[in-house]
Every structure is written in structure tokens, then in C-alpha cells.
Amino acid sequence: MGMTVVEKILARAAGLQSVSAGDVVEPKVDLAMSHENAALVINQFVEVFQGTGLEPVIWDPARIAIIFDHRIPAESPKTATNQKKIREFVAANGITKFHDIRGDVGGICHQILPEYGYVRPGYVVVGTDSHTTTHGALGAFSFGIGATEMASVWSLGYAVNIEVPATIKVVVNGEFPPFVGPKDLILKLIGMLTAQGANYKVLEFHGETIRKMSTSGRIAICNMSVEAGATSGIVPGDEETVRYLRDESGVEEAIPCVVPDPDAAYVRTIEINVSNLEPQIACPHTVDNVKPVQEVAGRKVQQIVIGSCTNGRLDDLAAAADILRGKKVAEGTRMLVFPASGKIFAQALDKGYLHDFMKAGAVVMNSGCGPCLGVHEGALGDDETALSTTNRNFKGRMGNPKSQVFLCSPSVAAASAITGVITDPRNS
Amino acid sequence: MPKVIIKLENDISTDDIYPGRYMATVLPSETPQFAFADRTDFNSRLRAKEFGVGSIIVGGENFGCGSSREQACSTLKGYDVAVVAKSIARIFLQNSINLGLQVVLCPEIEATEGDELQITEDRVLNTTTGKAFNQVKLPAARKGIMDAGGLIPYTRKLLLARVQG
Ligand code: SF4
């Protein structure tokens with residue numbers, strides 16, 4: 001029996017000929033990522049060594065990435081002090097893949113990892129963030145873990161007791177209609193699967209549509225795979241992966257890709273044709289509460305958010321700017337734009353998109369997580385509604401449990417900014 | 001006999017258990033104060049230490065979905081409560097095992113606030129209603145971590161074995 005792409009990756013990382021779903025393996029980790037929660041990882045890491053008589057030494061500092069993004073610039077003395085402690089730890093331990101709060105090389109962790117070529121096809125990547133599923137977009141097996149588990153990885157260099165997940169094959173064909181794209185596809189899929197439909201499983205993406213999709217679009221779909229409960233999403237590495245890593249991340253070494261065997265065993269196959277897909281929207285308070293935008297069109301929106309690791313890349317900003325150029329954000333609606341990284345910020349500046357946003361009345365913010373997780377900026381008032389290109393709409397997610405968050409594509413968000421109500425971009 | 005102190009719906013996220021705005025608080029000893037902070041009544045009852053050790057939170061499907069924040073486990077561990085849920089999201093389940101928070105998978109569980117539950121090896125008995133429900137065993141692969149008392153002592157053992165071996 002052949003292997004799925006994740007089975008192949010895990011077999012290699014565990015030094016085995018073959019593995020299949022349900023086996024328990026201890027894969028070597030190629031990259032281990034944390035953000036500000038590295039503060040907790042450090043605490044747990046030091047505790048592991050307590051009483052052992054051993055010095056707390058990281059197995060391989062070159063394989064650790066730490067990126068500040070969740071609360072930047074710091075919103076409180078507590079956060080600032082956590083960040084300071086992490087900086088000291090980074091310096092003392094020779095961690096090189098560190099991205100501080102900077103306008104040039106800073107940004108959201110899930111954007112920085114692909115952008116700097118830290119993730120390669122076939123890698124095992126772990127991160128103390130549930131959206132670590134994102135890096136499956138580059139053909140890696142990439143999944144979220146807790147801080148204590150990360151402390152264990154920092155100590156040992158491998159992940160203990162990993163069950164090989166079963167894989168759902170998702171085959172996507174057809175051409176996206178105008179104003180419809182990867183975000184609508186993944187919302188549709190999550191609606192079909194439900195919030196736990198892919199629990200403990202991997203979503204492996206195939207088909208013409210995926211093959212033609214840019215890495216940016218693949219990042220959006222793998223990023224949100226976790227919202228169906230998936231351990232990871234993955235697009236097996238292909239020509240586009242190699243192009244992205246060479247042209248955009250500047251990788252010069254060979255980039256071997258891992259692909260599944262033709263006779264791999266899948267628990268389920270889902271086929272989707274996007275030719276007639278409509279713009280989709282996830283309604284409060286669960287990501288699987290997905291409807292065509294038409295069904296909720298007309299609802300008043302007080303805050304529009306464009307950005308995040310899901311849809312804060314150059315093509316996302318371009319789509320929104322194309323709709324907003326020369327228009328105004330509606331009275332009574334505020335619009336916040338936060339590009340996913342410093343590099344994207346600069347590109348959007350050069351292309352004039354940020355100017356378009358500002359002239360329309362939007363507020364352009366520094367790169368980072370911003371309002372996505374509701375901790376330090378862009379909180380909502382009681383009973384207010386936000387329309388956001390981010391990935392979660394749980395109660396309280398944008399800082400206020402008495403508010404409502406809808407999730408959509410950059411095109412839907414931009415069209416709605418002009419009208420002040422949820423708007424289908426095809427009608428604008 | 002341990003009592004059900006709250007009965008929750010499906011898809012309880014870690015944002016609900018431990019809201020994002022408290023994520024700058026990381027030390028396990030400091031997180032309990034913010035457990036279910038947006039459910040103000042329940043949070044104040046927890047903080048008032050109204051519930052005994054082993055008291056039970058009953059959840060529905062997909063308990064602990066969303067963010068990987070480990071504070072969602074340490075905050076509950078701080079009160080020594082147990083979670084009995086129909087199903088549990090992957091990262092939350094793993095974090096619970098790693099931190100030694102007692103979690104029980106019980107797909108058919110029926111219980112309301114105030115019921116008394118008896119958790120045995122393989123069943124959960126609702127002694128208030130007299131109904132018994134089967135448990136789904138936690139992954140056998142995690143037994144080593146549970147037996148060691150969590151992932152920190154387990155990793156410590158592996159490290160020492162490596163040095164001595
Ligand atoms: S942008 Fe939002 S989803 Fe992405 S890493 Fe930041 S907080 Fe998480």
C-alpha cells in the first residue's frame with residue numbers, strides 16, 4: 001500500500017521505511033516556531049532541566065524560529081517584559097531565526113516562515129500556534145502544539161508520541177469566477193466539513209485549481225484547515241512551490257518535493273468544483289456557520305478588517321485596493337488594514353495600495369496580528385459587527401464577547417467598506 | 001462524589017476558556033484567575049473556590065477547539081477540576097495530557113449542572129439520573145506521559161536516559 005504525503009514525510013523523519021495512519025512515531029523536527037508565547041516555552045524548557053544536573057541547552061538553535069507578532073508594539077508592561085525576556089534568551093542561545101518588532105523584516109509568524117524560506121517541502125514543522133497548519137502550503141507537514149510540548153522539542157529535537165494522522169483527499173477543479181477565490185473555497189469546505197469534520201486528520205489538496213493557485217492562495221487554505229479541526233492542511237510540493245521559494249524567498253539550494261504515492265490510502269475523498277462558487281461568509285460565532293454572502297447582504301457593519309496570516313498578503317491587498325480606489329469608506333464604518341509583513345507593507349506602499357486605502361479613509365496599521373485576536377487594538381464595542389478577512393469569529397475573538405464577527409475574502413470586505421453593509425462584490 | 005459545576009455546549013473554544021486578552025499572563029500559577037473570564041458568574045464562583053477538587057466541567061463536541069494556548073489547560077488545572085466531554089479538539093487534548101489535567105472522553109454523556117458523576121476506569125456513571133455512559137480510552141501512545149505525571153517529567157526522563165545511555 002502506498003503512502004500519503006504526510007505518511008511519507010513522517011516515515012523519513014522517523015527513520016522508517018514506511019508508516020501508516022494510526023502508527024505512533026517520534027519524528028525529528030526540522031523547524032520549531034514560536035511567537036510571544038515563547039515566554040511560556042522558555043519557562044517550561046528551564047523546568048525540564050531542573051534537578052537533572054544538566055544545563056538547559058537547545059538541541060539546535062538554527063532550527064528554532066521566534067517571531068513577535070501577536071502584540072506588537074507591546075500594549076502593556078507585561079507583554080513588553082515578556083518580549084524583553086525572550087530577546088535575552090534568543091541572544092544567549094544563539095537563535096538566528098528571530099524576527100523582532102521591525103518594519104523591514106518583521107511580520108506575522110505564518111508569513112515570515114514562507115517569506116524567508118524557513119519551510120521546505122518534506123519538512124516536519126511544529127509551532128506553538130494552531131494556525132501552524134499554514135506551512136502545509138509549501139508541502140511540509142506542519143502542525144500546532146502547546147508550549148510544554150515545544151519545550152520538549154527544544155530539549156530533544158523530536159516530537160514524542162505522534163500518531164500518524166489519517167488523510168482526507170480534497171480535489172478541487174474548475175476556474176474561480178470573478179471576485180471569488182481561495183478564501184471562498186476554504187470557507188465553503190469548512191462549512192461542508194463542520195468545525196470538527198477533519199479532527200485528527202490531514203487535508204491533502206489536489207486538482208487543477210490547486211495546481212494553478214499561487215502560494216499565497218495555498219497559504220490561505222492551509223491556514224484555515226485547522227478551522228475544520230484538521231491537524232494540518234497540505235499541498236504536496238510542485239513547480240509553484242519551487243518557484244515561490246526560489247523567486248520570492250531567495251532559496252538557492254535544491255528543493256526536492258515529496259508527493260503522495262498513486263495508491264495512497266485516504267479515509268475520504270471530497271471533490272469540489274469552483275466554477276459556480278459564490279462569495280462565502282462565515283457568520284457568528286463559529287467558523288463553520290458558512291453561507292453565500294447574498295444571504296446576509298445588507299447587514300450593517302461598524303468595522304472592516306483586512307489583514308492577518310490568512311489574507312494580509314500583496315494579492316489580498318491588491319484585490320481590496322482595486323475595489324476601493326477612488327471610493328470612500330462609508331460614514332459610520334471604520335476600516336483597518338494591516339499587511340502581514342514588513343516586506344508586504346513596503347510592496348503595497350510601492351504599488352500605491354496603501355495610498356488608495358488611506359485616501360478612501362482606511363487606517364493602515366503596522367504589520368502584525370493586530371485586531372485578529374482582540375488583545376490590544378481594534379476591539380469592538382458592545383453589539384457592534386465586524387467583517388474581517390481573518391480566520392476566527394469565536395465569541396469574544398475581537399476583544400468583546402458582546403460583538404459579532406463575520407469572516408470573508410478581501411473583495412467582500414472592500415466592497416462592504418464602501419457601502420457600510422455586507423455587500424456581494426459582484427454587485428458593486 | 002464529584003459534582004457537575006457547569007454544562008457547556010458544543011465547540012467551546014480556548015478563547016472562551018481563556019480569552020486572548022489575558023495571554024500575556026503565561027505562568028501556570030498565575031493563569032487560574034482568568035478561567036472562563038467572559039462568563040463572569042462562573043469565573044467568580046471558581047475564584048471564590050466554591051467547588052471542590054475533582055469537580056466536573058461537562059462539555060459537548062469539539063471541546064477546546066481553536067487556539068493552541070496552553071493557558072486554557074493550566075487555568076483549569078489550577079482548580080483541579082476535570083473535563084468530561086463528548087469529544088475534545090486535538091491540541092487541547094494533548095495539552096491536557098501534557099499538563100496532567102484530567103480529561104475524559106465520553107461521547108454519549110448526559111448530565112446537567114448539579115448532577116453527581118462517578119468516573120471509573122471505562123465508564124462515567126451519572127448517579128443522579130442512574131445512567132451510565134462508556135468512555136473512549138485516551139490514546140494508548142500517551143500512557144507513558146500520563147504515567148510519568150506529564151510531559152515535563154517524561155521529557156526529563158528521556159533526557160537523562162540519553163545522557164546515561
Ligand atoms: S494573524 Fe491572527 S490567526 Fe494569524 S497568527 Fe496572528 S493571531 Fe493568529
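In this predicted model, a good place to start is a pair of helices: the axes of helix α2 (residues 38-49) and helix α3 (residues 77-93) of chain A come within 9 Å and cross at roughly 55°. From there, the tour moves to the two parts into which chain A is divided, domain 1 (5-272) and domain 2 (280-427), and to the ligand that lies between them. A few backbone details round things off.

**The α2–α3 pair**

- With a crossing angle of roughly 55°, α2(A) and α3(A) are oblique to each other, because an angle that is neither under 35 degrees, nor over 145, nor from 65 to 115 counts as oblique.
- The crossing in which α2(A) passes α3(A) is left-handed.
- On the α2(A) side, the residues that meet α3(A) are A:Ala38, A:Ala39, A:Ile42 and A:Phe45.
- Their partners in α3(A) are A:Asn82, A:Ile86 and A:Phe89.
- By class, this contact of α2(A) with α3(A) has six nonpolar residues, one polar residue and no charged ones.

**Two domains**

- Taken over C-alpha atoms, the centres of domain 1 and domain 2 of chain A are separated by 25 Å.
- Where the domains of chain A touch, 36 residues of domain 1 are in contact with 39 residues of domain 2.

**Around the ligand**

- Both domain 1 (5-272) and domain 2 (280-427) of chain A give residues to the shell around the ligand, so the ligand lies between these domains.
- Three histidines, A:His70, A:His110 and A:His131, are among the residues that surround the ligand, and A:Ile108 is there too.
- Also surrounding the ligand are A:Ser308, A:Cys309, A:Cys369, A:Cys372, A:Leu373, A:Asn391 and A:Arg397.
- The shell around the ligand divides by class into five nonpolar, five polar and one charged residue.

**Backbone details worth a look**

- A:Ile72 and A:Pro73 are joined by a cis peptide bond, with omega at about -20°.
- You will find A:Pro73 in the loop between β3 (64-67) and α3 of chain A.
- Another cis peptide bond joins A:Pro284 and A:His285, and here omega is about -5°.
- A:His285 has its place in the loop between β12 (280-282) and β13 (290-292) of chain A.
- A:Asn161 has a phi near 50°, which is a positive value in a residue other than glycine.
- The loop that holds A:Asn161 runs between α5 (147-156) and β7 (162-163) of chain A.

How values were computed:
Residues numbered from 1 in each chain as written. Chains lettered and ligands numbered in written order. Predicted model: local features only at pLDDT ≥ 70, side-chain atom pairs only at ≥ 80, totals over all residues. Heavy atoms only, no water. Axes fitted to C-alpha atoms, helices over the stretch in contact; angles between N-to-C directions. Helix = DSSP H or I, 4+ residues; strand = E, 2+ residues; numbered from the N terminus. Left-handed = near helix turned anticlockwise from the far one by under 90°. Contact = heavy atoms within 4.5 Å. Nonpolar A, V, L, I, M, F, W, Y, C, P; charged D, E, K, R; others polar. Near = heavy atom within 4 Å. Domains from an automatic or database assignment.
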